[in-house]
Amino acid sequence: MTREVSIPNGAEFFEIRFESIGGLGAHVAGKIVASAAVLRMGMNGSHFSSYGSEKKGSVVRSFIRLAPADKAIRTSAPIEEPNVIVVFHSGLLAHPATLSGLKADGVLIYAGQEGDVPEGLSRVPRTATVIRVDAQKIAIAEKSRENAVLIGTLAEAIPLLDRRAVRDALDATFAGKNEAVVTANGRAFDRGADEVEMIENIGQCDGAVPAMSSSPVWGYRTAPIGGVLPTPGNTAHNDLHTSRTGWMPVLDRDKCIDCGMCDMVCPDLCLVWSTHTGEDGKPRVRLDGIDYQYCKGCMRCVETCSTAAMTREAELPGKADELRIPLFPDLRSAAGEKHA
Ligand code: SF4
Ligand code: SF4
């Protein structure tokens with residue numbers, strides 16, 4: 001089937017960028033939307049993603065470029081001025097690069113809980129459309145994934161896309177492998193399409209969001225001599241909270257026997273210990289808690305803990321701030337800022 005497709009404002013392409021983190025399924029979601037457009041809506045399309053160095057927890061961008069059937073797509077450059085941006089975790093809105101290049105009449109879809117209206121949304125164009133969907137809540141309720149919810153929202157919000165075709169492409173991805181998953185994804189998709197909130201009067205930006213260049217600041221001609229660390233302390237200031245994808249480890253002090261197994265498997269060394277003198281006069285170490293600034297939510301500590309002192313819990317707004325034990329309290333006060 002070939003649909004009559006007209007790209008808004010006479011542009012060459014209609015471009016969609018997914019902003020996500022490893023583990024949330026942005027690449028698969030982009031593939032499903034692009035395949036629906038090409039195989040079920042008769043458009044030309046291309047899809048590709050860029051990843052960081054790790055599978056889970058690093059920034060993932062997925063790009064979908066669409067055009068009418070008679071218009072060839074001869075570029076695979078990253079999409080810098082998208083018509084639509086889909087943000088898979090509202091925490092990513094804290095980074096200006098997430099909204100980079102959004103067109104003045106663009107659409108922003110973000111995954112966030114009810115009442116979650118991040119400050120970063122003020123960078124959206126006044127004339128853009130902003131849509132929130134609680135992808136995590138729906139995905140948990142339907143035993144599906146956030147990506148199925150978000151492509152449902154996208155397919156309903158964008159007139160260029162045929163909702164039925166995108167849903168069929170989603171079904172086809174798992175058909176014949178696991179029918180329960182097909183049904184669950186379908187329910188999540190439909191709820192993502194229907195259970196959204198339009199966020200009004202939030203954008204403060206006049207015109208499009210300026211595009212941030214994808215060219216690196218340094219190249220092989222201009223990079224400083226090896227061994228020089230131009231921003232000392234950058235690791236301590238790192239903030240991994242957006243990597244947790246809605247789940248966090250929580251320590252129950254009453255069940256903890258301070259065995260240290262969680263610390264041995266934690267890849268980011270974010271467990272905080274203190275030393276004490278025991279009743280027998282011998283030195284003791286005690287697990288005080290987790291510095292959530294550095295925790296990426298891999299749950300290795302939870303899987304390793306033999307006493308169930310460490311459990312996996314949904315991350316509600318403010319919970320990490322409340323439970324956080326700072327690894328570097330002096331750094332926090334010296335910097336005069338809050339990192340968690
Ligand atoms: S593995 Fe469990 S019991 Fe052992 S120190 Fe960690 S939280 Fe405590
Ligand atoms: S989930 Fe546990 S093991 Fe993983 S980074 Fe956080 S504290 Fe460390």
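The following questions and answers concern a predicted model, its domains, its helix packing and the surroundings of its ligands.

In this model, local features need pLDDT of at least 70 and side-chain atom pairs count only at pLDDT 80 or more, whereas totals for chains, interfaces and linings use all residues. Residues are numbered from 1 along each chain as its sequence is written, chains are lettered from A and ligands numbered from 1 in the order in which they are written, and side-chain values use heavy atoms, with hydrogens and water left out.

Reader: How many residues of domain 2 are in contact with domain 1?
Author: The domain assignment, which is automatic or from a database, gives domain 1 (8–198) and domain 2 (234–335). Their centres, taken over C-alpha atoms, are separated by 33 Å. Contact means heavy atoms within 4.5 Å. On that basis, 13 residues of domain 1 touch domain 2, and the number in domain 2 is 12.

Reader: How is α2 oriented relative to α5?
Author: Helices are DSSP runs (H or I, at least four residues) numbered from the N terminus, and angles run from 0 to 180 degrees between the N-to-C directions of axes fitted to C-alpha atoms over the stretch in contact. Helix α2 (residues 135–142) and helix α5 (residues 179–194) pack at about 150°, their axes 9 Å apart. Angles under 35 degrees count as roughly parallel, over 145 as roughly antiparallel, 65 to 115 as roughly perpendicular and the rest as oblique. The angle therefore makes α2, relative to α5, roughly antiparallel.

Reader: Which residues of α5 make the contact with α2?
Author: The crossing of α2 and α5 is right-handed (the near helix is turned clockwise from the far one by less than a right angle). From α2, the contact takes Ile138, Ala141 and Glu142. From α5 come Ala184, Arg187, Ala188, Arg191 and Gly192.

Reader: Why is α2 described as oblique to α3?
Author: The contact involves Ala135, Gln136, Ile138 and Ala139 of α2 and Glu146, Val149 and Leu150 of α3. The axes of these two helices come within 8 Å. The description as oblique follows because they cross at roughly 120°.

Reader: How many charged residues does the contact of α1 with α3 have?
Author: Helix α1 (residues 26–40) packs on helix α3 (residues 146–157) at about 40°. Val28, Ala29, Ile32 and Val33 of α1 meet Asn147, Ile151 and Leu154 of α3. Ala, Val, Leu, Ile, Met, Phe, Trp, Tyr, Cys and Pro count as nonpolar, Asp, Glu, Lys and Arg as charged, and the others, Gly among them, as polar. The contact thus has six nonpolar residues and one polar residue, and the number of charged residues is zero.

Reader: Which charged residue belongs to the shell around ligand 2?
Author: A residue is near a ligand if one of its heavy atoms lies within 4 Å of it. The shell divides into eight nonpolar, one polar and one charged. Its members include Cys266, Cys270, Gly297 and the charged Lys296.
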